[in-house]
Amino acid sequence: MQKQRTLSAVGLWWRWVLATLVGAVIGTIFGIAACLAGVHYLSDRLIDLRICDTGFGSLNCPVSTGIVSGAIVVGAFVGLMQYLVLRRFFKSSGWWILASTFGWTWIGFAATSLAYTAQFGFVLNPDGSFAESNIVDRIPLLAVNSLWLVLAGILLGVLQCLVLWNSQHPKFSNPQFLKGRAILWLIVNIVLVTIMAIAIIAIFRGRGSLYGILLFFLGFTPFYATITGATLVKMRLHQLKRKNTELEANSLLPASDGIDGINKMSSDET
C-alpha cells in the first residue's frame, strides 16, 4: 500500500477551513430548499398529526420545522466535507458525518430559539393591566435559552470527541488521548457556542428571522472554521510528537525490539 504524503500543519489548517466553508455554502443552498419545505409543507403534516401543535420554546411549529429541516441538510454537508479531511488520519471517521449532522441540528434550533426570545415587551398583571417589561425581566428566560445553546454545543463536542477517540483508540482505554486532545476539542466547542450565544443576544435582541439566522451562521462559519482548524492542527502535532517519542524510545531498545516497534508503528500508519 502506497504511503500518503505527510500533510503540513498549514496544509491541514487551510484544508479544514476550506472544507468547512465549502460544506456550509453547499449545505446552505440545499438547506434553504429544505427549510422552505419544512415551513410550508412538513409543518402542516406535523400539525395534523398533533406532533407540533404550538411549537417549541420561542418558535412556532412552521419555524421549528423549517429550521430543523434546514439544519439537518447544512450539518450533513459540513460533516461530509470535514470527513474528507479527517479520513486520512482516523479510522472509521464516517461517524463524523452523523455526529456533526445531529449536533449542528440542535445548535441551529437552539440558536434560532434564542434569536426569537424577546428582550422587551409587555406583561399582563394580575389585575388585568399591562406593564412594560425590559431586558432585566427577561434575563431568566434568556439565560435558559442560552443554556440550551451551550448544551447543544457540548453535545456536538462530545459526539465528535467520541468519534476522534474511538477512531484512534478503539478500546476506549487510553486516558492520555482523552486528556491531550478530546478534552481540548470539547472545550473549544463550548467556548465557541458561548460566544455564539452572546453574539445572538447582542445582535438580534429578540427580533430573529430565518433570513437573519442564515446570514448569522454564514458570518460565524469562517470564525468557527479558523478556530477549530487551529485546534485540529494542535491535536495532530501532539499526536506526531507522541509517535516520534515512541520511535526514539524504540531506537534505544535492543535491535530486535526496536525493529518490531518500528514495524508496528508503520502498520498503524497504513
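Of the 270 residues in the protein, 42% are buried, where buried means under 20% relative accessible area, exposed over 50% and partly exposed in between (1.4 Å probe, protein chains only). The structure is a predicted model, in which local features need pLDDT of at least 70, side-chain atom pairs count only at pLDDT 80 or more, and totals for chains, interfaces and linings use all residues. Residues are numbered from 1 along each chain as its sequence is written, and side-chain values use heavy atoms, with hydrogens and water left out.

**Exercise 1. State the order of helices and strands along the sequence.**

Solution. Helices (H or I, at least four residues) and strands (E, at least two) are DSSP runs, numbered from the N terminus. The protein contains seven helices and two strands. Their order along the sequence is α-α-α-β-β-α-α-α-α. For contacts, meaning heavy atoms within 4.5 Å, consider pairs of residues at least 6 apart in sequence: 73% of these contacts join residues at least 24 apart.

**Exercise 2. Determine which cysteines are joined by a disulfide, and classify Cys-35 and Cys-161 as buried or exposed.**

Solution. A disulfide is a covalent bond between the sulfur atoms of two cysteines. The criterion applied here is a pair of cysteine sulfur atoms within 2.5 Å. A search of the whole structure yields one disulfide. Its partners are Cys-52 and Cys-61, with an S to S distance of 2.3 Å, and both of these residues are buried. Cys-35 counts as buried because its relative accessibility is 13%. Cys-161 is likewise buried, at 8%.

**Exercise 3. Describe the environment of Thr-65.**

Solution. Thr-65 is located in helix α2 (residues 61-86). Its relative accessible area is 6%, so Thr-65 is buried. Leaving aside residues up to four places away in sequence, Thr-65 touches Gly-38, Leu-42, Ser-43 and Leu-46.

**Exercise 4. Classify the ring pair Trp-96 and Trp-185, then the pair Trp-104 and Tyr-224.**

Solution. A pair of aromatic rings is described by the distance of the centres and the angle of the planes. Rings of Phe, Tyr and Trp (its six-membered ring) pair if their centres lie within 6.5 Å; planes under 30 degrees apart count as stacked, over 60 as edge-to-face and the rest as tilted. The whole structure holds 11 aromatic pairs. For Trp-96 and Trp-185, the centres are 5.8 Å apart and the planes stand at 65°, so the pair is edge-to-face. Trp-96 belongs to helix α3 (residues 95-115) and Trp-185 to helix α5, 89 residues apart. Both Trp-96 and Trp-185 are buried.

For Trp-104 and Tyr-224, the centres are 5.1 Å apart and the planes stand at 90°, so this pair is edge-to-face. Because Trp-104 lies in helix α3 and Tyr-224 in helix α6, the pair ties together parts 120 residues apart in sequence. Trp-104 and Tyr-224 are both buried.

**Exercise 5. Identify the residues of the nonpolar surface patch and the helix that supplies its largest share.**

Solution. Patches are made of residues with over 30% relative accessible area and no salt bridge (a side-chain nitrogen of Lys or Arg within 4 Å of a carboxyl oxygen of Asp or Glu); like charges are joined within 9 Å, and nonpolar side chains (Val, Leu, Ile, Met, Phe, Trp, Tyr) within 5 Å. Accessible areas come from the Shrake-Rupley method with a 1.4 Å probe, and for residues only the protein chains shown count as cover. The patch consists of Ile-183, Ile-187, Val-191, Ile-195, Phe-223 and Ile-227, with about 460 Å² of accessible area together. Helices α5 (175-204) and α6 (210-251) each supply at least two of its residues. The largest share, four residues, comes from α5. Ile-195 lies in helix α5 and is partly exposed, because its relative accessible area is 36%. Phe-223 also belongs to a cluster linked by ring pairs, together with Phe-204, Phe-216, Phe-217 and Phe-220.
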